[in-house]
Amino acid sequence: MAAYYVAGDFQGWDPGSSIMTETSPGSGIWQETFSGLGANVRQEFKITQGSWGTDVPAANSWLYSDSAGDVTITFDSNTYAD
């Protein structure tokens, strides 16, 4: 199973420094929490597999930190069929 990381302007766009934690073994749902970002600040990020060889999605995603400067990013790596 692949490991997933967050790369964003709030951590220097390092594709391998902020590893996500799987919410439960085999769930395919990954999370990482960041604190101290500044209250209600817009940030850009990508999900990587530790390098710039793979990032999801190709375009930057964005978020707003909460009033305490915290945010939790959740990534679902599962494939769903309708």
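The dialogue below walks through the fold, the aromatic pairs and the salt bridges of a predicted model.

Student: Before looking at single side chains, how many helices and strands does the protein chain have?

Tutor: Bear in mind that this is a predicted model, and begin with the secondary structure: the protein chain has zero helices and six strands, which gives the pattern β-β-β-β-β-β when read along the sequence.

Student: What radius of gyration would a compact globule with 82 residues have, and what does the protein chain have?

Tutor: A compact globule with 82 residues would have a radius of gyration near 12 Å, and the protein chain, at 13 Å, agrees with that value. Along its principal axes the C-alpha trace spans about 35 × 25 × 25 Å, and 35% of the 82 residues count as buried. Of the contacts between residues at least 6 apart in sequence, 60% join residues at least 24 apart.

Student: How many aromatic pairs does the structure hold, and which parts does the pair of Phe-10 and Phe-34 tie together?

Tutor: To read such a pair, look at the distance between ring centres and at the angle between the ring planes, since planes over 60 degrees apart count as edge-to-face. The structure holds five aromatic pairs, and one of them joins Phe-10 and Phe-34, edge-to-face at 4.7 Å centre to centre with 65° between the planes. Phe-10 lies in the loop between β1 (5-8) and β2 (21-22), whereas Phe-34 lies in strand β3 (residues 29-34), so the pair ties together parts that are 24 residues apart in sequence.

Student: Are these two rings buried or exposed?

Tutor: Phe-10 is buried, with a relative accessible area of 17%, and Phe-34 is likewise buried, with a relative accessible area of 10%. Elsewhere, Tyr-4, Trp-30 and Phe-75 form one aromatic cluster.

Student: How many salt bridges does the structure hold, and which side chains meet in them?

Tutor: The general idea is that side chains of opposite charge can pair when their charged atoms come close. The structure holds two salt bridges: Arg-42 meets Glu-44 at 3.2 Å, N to O, and Asp-55 meets Lys-46 at 3.1 Å, N to O.

Student: Which of these four residues are buried, and which are partly exposed?

Tutor: In one bridge, Arg-42 is partly exposed, with a relative accessible area of 39%, and Glu-44 is also partly exposed, at 26%. In the other, Asp-55 is partly exposed, at 23%, whereas Lys-46 is buried, with a relative accessible area of 10%.

Methods:
Residues numbered from 1 in each chain as written. Predicted model: local features only at pLDDT ≥ 70, side-chain atom pairs only at ≥ 80, totals over all residues. Heavy atoms only, no water. Phe/Tyr/Trp six-rings, centres within 6.5 Å; stacked < 30°, edge-to-face > 60°. Helix = DSSP H or I, 4+ residues; strand = E, 2+ residues; numbered from the N terminus. Buried < 20%, exposed > 50% of the residue type's maximum accessible area, 1.4 Å probe, protein only. Salt bridge = Lys/Arg side-chain N within 4 Å of Asp/Glu carboxyl O. Rg over C-alpha atoms; globule rule 2.2 N^0.38 Å. Contact = heavy atoms within 4.5 Å.
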